Amino acid sequence: TIGLIHPSASSFCCLQCTVMALETEEMVVEEPSPMVQQVRLMSSCSRTAFDSANLSFQVASWLSASSLPSFRRLSSMCHGAVQTLLLRFPERRAELDQILLSMCADSDSRVWVGVRVRPQEDPDAVLSLEKTRITLESGPGRPNTSSFFFNRVFDGTATQMQVWTSLQAPLMRCLLRREHACLLAYGQTGSGKTHTMFGSADSEEGRGVAFRAIDSLSRLLQNSGESTADGKDAEVLPSIDFSFLEVYNEKVYDLLADSRMCPLAGEREILEPGGVYHAAKMSDEERVVVKGLTRRRCELAQLSAQVGAWLAEGAASRTVGRTVFNPRSSRSHAVATLHICWNDSRGRLWRWNDSRGGDAETRLYLVDLAGSERAGQYAMGASQLKEGVNINQSLSTLGRVVGALARGQGDHVPYRDSALTWLLSDAITGRKARAFMVAAVQPAHPAETLSTLRYAQAYSSLQSDLSTKIPRLKVQLRTLQRTLESARHAFEGLCFEININSRYGRLQQWNRQTLKERIVRVKRNGHEFFRRHPYLQWTDAHDTKARLLMAGVVQEVCDAPRPRTPDEGNDGRRCTQLGASAESDPLGGCAYVVYPGRHGYPPVALWFPEEALEDVHPPPRLRELLRAFEAAEVASIQKQAQLQQAQKTFAEEQARWLSQ
């Protein structure tokens with residue numbers, strides 16, 4: 001590493017030391033990594049192959065495209081060497097773009113949940129921490145030891161950089177995939193939520209994850225949007241707007257406009273404009289919009305400085321108050337939003353997903369939730385009691401939203417029960433969204449710590465997209481079932497009307513079964529086809545069916561039926577079959593027709609020459625309704641199967657996740 005970062009006259013020796021260090025790291029590995037093999041190959045070259053003034057560029061030129069992202073993070077010199085390499089060799093840039101696209105396409109969990117523990121001052125710690133596990137020891141009011149598992153657990157010595165590093169990669173991939181992201185901090189008052197989210201902007205070590213996310217996003221977009229030839233970066237880079245609001249007592253206030261109150265409204269995309277005879281057709285997805293909210297345009301090169309200044313401006317107007325646990329406790333939910341408006345006209349990296357359109361907007365929500373508390377126990381006044389009631393109402397609504405989705409039972413999801421959940425409905429549980437939660441706990445208060453851990457565990461159960469897919473399947477299934485019932489009602493109603501008004505009376509009932517069968521009746525001159533027929537003869541039963549114009553169902557067609565025995569009823573077959581004369585016309589098939597019984601009489605079955613029968617066709621409208629009815633039935637059955645499969649897979653994923 002020294003040889004790569006600090007090229008000098010002894011760079012070749014430093015590179016050899018790097019090889020030795022890498023080989024020492026991989027002594028236990030039977031097959032060395034590609035990086036070790038490449039560096040070992042470079043060290044075997046002659047010393048004259050290196051130019052100490054540009055060693056980083058030469059090393060970068062030997063590396064594979066998959067190693068370039070890691071190499072350019074070593075130092076500014078390595079970063080510049082990679083940029084120079086990509087400018088000189090467009091094919092290397094194209095190869096690197098493909099690798100970055102594949103990295104963006106990697107699937108991530110729907111939610112990422114981490115727990116950060118405030119430094120414990122009490123020597124008798126009630127929490128035991130591991131990398132992904134936190135255990136709350138038994139004590140007064142807690143007879144049993146409780147263990148909880150999360151994506152990451154941070155102890156009191158964890159720095160802001162360590163917290164950010166754990167969630168940086170999935171969050172950046174989420175934004176490059178143009179998925180809405182929600183980064184939120186949750187916990188009781190005084191547990192360190194605001195410190196984790198925003199921290200102190202004065203020092204680099206104290207900057208919170210919100211500022212670090214903005215810095216990473218700015219660098220990522222600038223590096224990915226660099227042009228190769230014409231340098232028209234302004235046409236390539238997306239535009240970014242910033243807004244900052246708070247939810248206080250279930251009202252939304254604009255923190256960038258002197259805390260002006262703004263109403264919430266739901267909007268849907270108009271797919272087809274309405275006219276005189278029909279209403280407009282709207283899309284299924286609803287987006288919640290804050291009417292009159294201030295949006296400020298950001299310069300990508302100064303994104304961190306501008307957003308930091310605006311956050312400080314909004315924080316000065318945010319509602320805070322003194323509580324039992326914290327002298328400056330946040331009494332409202334703060335939501336800072338970055339609106340990334342993509343420009344696909346010339347972009348490269350963000351054109352991998354064109355389904356969202358050229359002017360699609362991706363939103364990054366930075367949410368600092370108000371501290372959860374026992375309002376009736378810790379309230380210091382009537383106004384603070386009202387604040388605590390509204391805070392707990394919004395947090396409990398968020399918990400019920402998470403619980404309804406986590407159960408995957410298609411329950412009603414109460415988004416609109418709180419302004420916070422309605423505002424963040426597309427980010428918390430939307431189809432193209434990811435959520436990142438950092439739950440802060442205070443070990444000095446075990447009861448509140450246990451409540452926070454249970455809340456975070458319920459949020460962790462949203463690891464699978466099926467938690468939101470199952471309710472959507474339920475809604476779609478109910479819609480299809482209503483369509484099915486409507487089609488069935490229309491079909492049966494028309495069948496009843498036709499059967500009642502038919503000139504043949506009730507001699508033939510049209511229904512779903514008879515529409516799929518061959519319905520026939522005897523022609524007016526049908527008896528003539530029985531003359532000199534070698535297998536069949538005209539009977540009184542045939543004459544009755546012909547006079548009444550009764551319709552029957554063809555059950556069988558054959559060339560020649562078997563002779564009738566004396567014990568069988570007279571159904572038109574001859575007991576002794578005649579031989580066909582050479583002068584007679586060729587015989588057609590013989591049809592076995594069944595007439596339904598009426599008034600308690602059994603059905604009657606008769607044999608006819610096919611030439612003596614004519615088909616009875618139903619009205620075309622009836623067949624159209626039958627096709628619509630059957631199509632709705634098939635769609636309903638398929639959706640029911642999808643729902644059952646999703647529920648089965650969701651149960652298996654939940655069991656597997658809990659077992660881990």
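## Strand pairs and two buried residues

T135 stands opposite S147 in β4. That is a good place to start walking through this predicted model, since the two residues belong to a small run of paired strands. Strand β3, residues 133-136, and strand β4, residues 146-149, pair in the antiparallel sense, with four bridges between them. On its other pairing, β3 is joined by three bridges to strand β2, residues 127-129, and these two also run antiparallel. Look for L127 there: its bridge partner in β3 is L136. The link from β2 to β3 is a hairpin of three residues.

Now move along the chain to strand β7, which spans residues 239-248 and holds S243. Is S243 buried or exposed? With a relative accessible area of 1%, S243 falls under the 20% cut-off and therefore counts as buried. Its side chain makes a polar contact of 3.0 Å with the side chain of H339. Beyond its neighbours within four places in sequence, S243 also touches other residues, including L256, L293, T294 and R295.

Our last stop is Y365, in strand β16 (residues 361-368). Y365 is buried too, because its relative accessible area is 5%. The side chains of Y365 and R363 share a polar contact of 2.9 Å. Setting aside neighbours within four places in sequence, Y365 has contacts that include A181, C182, L183, L423 and L424. Which residues link this stop to the previous one? V335, A336 and T337 are among the contacts of Y365, and V335, A336 and T337 are also among those of S243. Finally, Y365 and A210 lie 155 residues apart along the chain, with their C-alpha atoms separated by 9.5 Å.

Key
Residues are numbered from 1 along each chain as its sequence is written. This is a predicted model: local features need pLDDT of at least 70, side-chain atom pairs count only at pLDDT 80 or more; totals for chains, interfaces and linings use all residues. Side-chain values use heavy atoms; hydrogens and water are left out. Buried means under 20% relative accessible area, exposed over 50%, partly exposed in between (1.4 Å probe, protein chains only). A polar contact is a pair of N or O atoms within 3.5 Å; within protein, one must be able to donate a hydrogen and the other to accept it, and residues adjacent in sequence count only if both atoms are side-chain atoms. Contact means heavy atoms within 4.5 Å. Two strands pair if DSSP finds at least two bridges between them.
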